[in-house]
Amino acid sequence: VVFCLALSFSSVSAQTKEEIEAKRKAEMKKLDIMIGTWKGTGWVMTQNGRQTSNITETFQYKLGGQIAVVEGLGISKDEKTGAERLTHQAYGVFSYDKTSGKLRFRYYKAETGEEGETLINIVDKSFTWGFDVNETGSKVKFTMRINEKGNWHEVGEFSRDGGKTWVKFMEMELSKAS
């Protein structure tokens, strides 16, 4: 009886693993639209006003497609000296979350030391992700989509009232370079 029970559990586990792997591949494949190097411009509101930068985002699969990584760099010129300076440096890792059946996004931002993790759902060449700012009760969200021109268009917004109203604080549009 124990042997039969163990045998039945192992066949269910094998089937479940296959189903999970098929779902993981299907979810990760949704990121195909992002693969490559993207270049363009963007702006962000800072304490000193609106800051414009040249942005490069490099998006690629790793570990045989088990994860995808994105690295973002922004460079701007100092208006007074003309010297280039790094204005944006971020890194993200996408992976499949078996529990939710969605993609998990882990992000890191150099300028602020900010890092976090959220689940995303890709629908029709776009996804939204965000986080709560616990100290202030604010919310931040980013909406990324591939627009009708085939460009990566992303908007960042924040809300001070728990998500009732949103204010845009950044925007970028990038073309696929490779």
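Reader: How do the residues of the lining of the second largest pocket divide into nonpolar, polar and charged?

Author: This is a predicted model. Thr 46, Asn 48, Gly 49 and Gln 51 are among the lining residues of this pocket. Gly counts as polar here. Arg 50, Lys 77, Asp 78 and Glu 79 also line the second largest pocket, and these residue types count as charged. The full split is no nonpolar, six polar and six charged.

Reader: Which strand gives the largest share of that lining?

Author: Two strands, β2 (49–62) and β3 (67–77), each supply at least two residues of the lining of the second largest pocket. The largest share is four residues, and the strand that gives it is β2.

Reader: What is the volume of the largest pocket, and which strand gives the most to its lining?

Author: The largest pocket has a volume of about 1,100 Å³. Of its 44 lining residues, the closest to its centre are His 88, Lys 109, Phe 142, Phe 169 and Met 170. The lining divides into 24 nonpolar, 11 polar and nine charged residues. Seven lining residues come from the strand that gives the most, β4 (residues 84–97).

Reader: Which residues touch the most other members of the largest nonpolar core?

Author: In soluble globular proteins, nonpolar side chains tend to be buried together. The largest nonpolar core here has 26 residues. Strands that give two or more residues to this core include β2, β3 and β5 (102–109). Those touching the most other members are Leu 31, Phe 59, Phe 94, Ile 120, Trp 129 and Trp 152.

Technical notes
Residues are numbered from 1 along each chain as its sequence is written. This is a predicted model: local features need pLDDT of at least 70, side-chain atom pairs count only at pLDDT 80 or more; totals for chains, interfaces and linings use all residues. Side-chain values use heavy atoms; hydrogens and water are left out. On a 1 Å grid over the protein atoms alone, a cavity is a set of points where a 1.4 Å probe fits but cannot get out, and a pocket is an open set with protein on both sides within 12 Å along at least five of seven lines; lining residues have an atom within 4 Å of a point. Grid points are joined across faces, edges and corners, and a volume is the space filled by probe spheres set on the points. A nonpolar core is a set of buried Ala, Val, Leu, Ile, Met, Phe, Trp, Tyr and Cys residues joined through side-chain atoms within 4.5 Å. Buried means under 20% relative accessible area, exposed over 50%, partly exposed in between (1.4 Å probe, protein chains only).
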